[in-house]
Amino acid sequence: MEYHDPKRKSNFVGKILMAAALTAVCIIMLKQSPTFGTPSQFSRHEEGVTHVLVTGGAGYIGSHAALRLLKESYRVTIVDNLSRGNIGAVKVLQELFPEPGRLQFIYADLGDAKAVNKIFSENAFDAVIHFAAVAYVGESTLDPLKYYHNITSNTLVVLEAMAAHGVNTLIYSSTCATYGEPEKMPITEETPQASKLVPINPYGKAKKMAEDIILDFSKNSDMAVMILRYFNVIGSDPEGRLGEAPRPELREHGRISGACFDAARGIMPGLKVKGTDYNTHDGTCIRDYIDVTDLVDAHVKALQKAQPSKVGIYNVGTGKGRSVKEFVEACKKATGVDIKVDYLPRRPGDYAEVFSDPTKIRRELNWTAQHTDLEESLKTAWRWQKAHRDGYGAS
Ligand SMILES: NC(=O)c1ccc[n+]([C@@H]2O[C@H](COP(=O)([O-])OP(=O)(O)OC[C@H]3O[C@@H](n4cnc5c(N)ncnc54)[C@H](O)[C@@H]3O)[C@@H](O)[C@H]2O)c1
């Protein structure tokens, strides 16, 4: 026989009434909120505010660029799949700029055209700075398809989305690796890029192909395009808020500054310098090291000077080459550690000498590298490295 307890019934009715009352309170509070019913600030254009999509903004250069843009009052959306970047860097930026409408982070893969289109349809971008990429020469020789996909094909996805949604300014992260090993130094923008005669790795080729796609597209478009070909990027935020924290598994492909710091911290037993018989003053390779602070400054200038229907192509370097031996000496001084150095035979694919002629960018964008003291740039980076032994993991 069924028995109905009247107390249980009134409990149940009470709970329903309570839920209804809470829902009503929530609706009233939402309606009173100033943003209720209005689209997010990111989804509409606002006079006097430039909204920049920073792809790869959780990465080393992208996070530094986002910081600079936010400081200059740009509105920033970071899109990153965190395959190589750090959510910790985004958190630092969010803490510095918590006000609504300043910074949003969207987790997405640029290889997913549907997701990218959705992002463009839900946001009102004025410009795109396309940093996102896999970016290790050594890895590109081992896994070239990954590079053509991630760099060339994803740039096409971004460009198509920009065209479809009327976003008309593009600043593209390119590299001196597109020049291969030219016969003449320094490298000017007129130096022929990779051809059959010029050896070049898949990373450089993938970037060159992406540049070609952008250039072909721009011939029949009013898009304002700036292609920046960076040389070797070093350093970090002088105020110590951001740094370079690549994944440990990428260490073997890593760049020289990371390798020096790893050796100085004792994570690696020492530093391996590959090649001492190049035709240079001390036999080691020569590179042009550009501080990330100067590099992001070049992006802001490029953004400000980008003009509809025009393409600007610029080398971003100091114009001065430094040998690997000089770099290692500067790193020893900056860290105060007598790093153990092993000199090994050459690594295939390395070029003897690569440095820029920065005349064009000085003339046209009024930009010159200011942080040209290698030891100072390394000291700044080392301060962050020492304070973040675990990268962003410990922050
Ligand atoms: N670091 C250098 O010395 C140097 C030199 C020349 C050019 N560049 C170029 O500068 C750009 C930034 O390099 P970086 O050193 O900051 O590298 P990074 O690895 O620190 O940053 C790249 C960011 O892109 C993100 N990313 C990669 N693939 C993605 C995808 N499919 N979808 C969404 N996000 C993706 C990663 O997660 C990472 O946060 C790259 O385009 C690189 O080719 C770097």
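The chain folds into 12 helices and 13 strands, where helices (H or I, at least four residues) and strands (E, at least two) are DSSP runs numbered from the N terminus. The model is predicted, so that local features need pLDDT of at least 70 and side-chain atom pairs count only at pLDDT 80 or more, while totals for chains, interfaces and linings use all residues. Residues are numbered from 1 along each chain as its sequence is written.

Of the 395 residues of the chain, 43% count as buried; a residue is buried if 20 or more other C-beta atoms lie within 10 Å of its own, exposed if 12 or fewer, and partly exposed in between, with C-beta atoms placed from the backbone. Among the contacts with a separation of 6 or more, 81% join residues 24 or more positions apart, a contact being a pair of residues whose C-beta atoms, placed from the backbone, lie within 7 Å.

Helix H8 (residues 256–264) is mostly covered, with 7 of its 9 residues buried, including Cys260 and Phe261. The cover over these buried residues includes strand S7 (232–234), strand S8 (271–274), helix H10 (324–335) and helix H12 (374–387). H8 is followed by Gly266, whose phi is positive, near 80°.

S7 also takes part in the shell around the ligand, to which helix H2 (60–71), helix H6 (144–164), strand S5 (169–175) and S7 each supply at least two residues. H2 gives the most, with 3 residues. The shell divides into 12 nonpolar, 12 polar and 3 charged residues. Of the 27 residues around the ligand, Gly56, Gly59, Gly85, Ala133 and Val233 come nearest.

Two loop residues other than glycine have a positive phi, and they are set out below.

| Residue | Phi | Loop | C-beta neighbours within 10 Å |
|---|---|---|---|
| Ser73 | near 75° | between H2 and strand S2 (75–80) | 11, exposed |
| Leu82 | near 55° | between S2 and helix H3 (87–96) | 14, partly exposed |

Most residues other than glycine have a negative phi, and most peptide bonds are trans. The peptide bond from Met185 to Pro186, however, is cis, with omega near -5°, and Pro186 lies in the loop between S5 and helix H7 (202–219).

Arg362 has its place in helix H11 (residues 359–365) and counts as partly exposed because it has 14 C-beta neighbours inside 10 Å. When residues up to four places away in sequence are not counted, Arg362 touches Trp367 and Thr368. The C-alpha atoms of Arg362 and Ala298, which are 64 residues apart along the chain, are separated by 9.9 Å.

Definitions and conventions:
Contact = placed C-beta atoms within 7 Å. Near = placed C-beta within 6 Å. Nonpolar A, V, L, I, M, F, W, Y, C, P; charged D, E, K, R; others polar.
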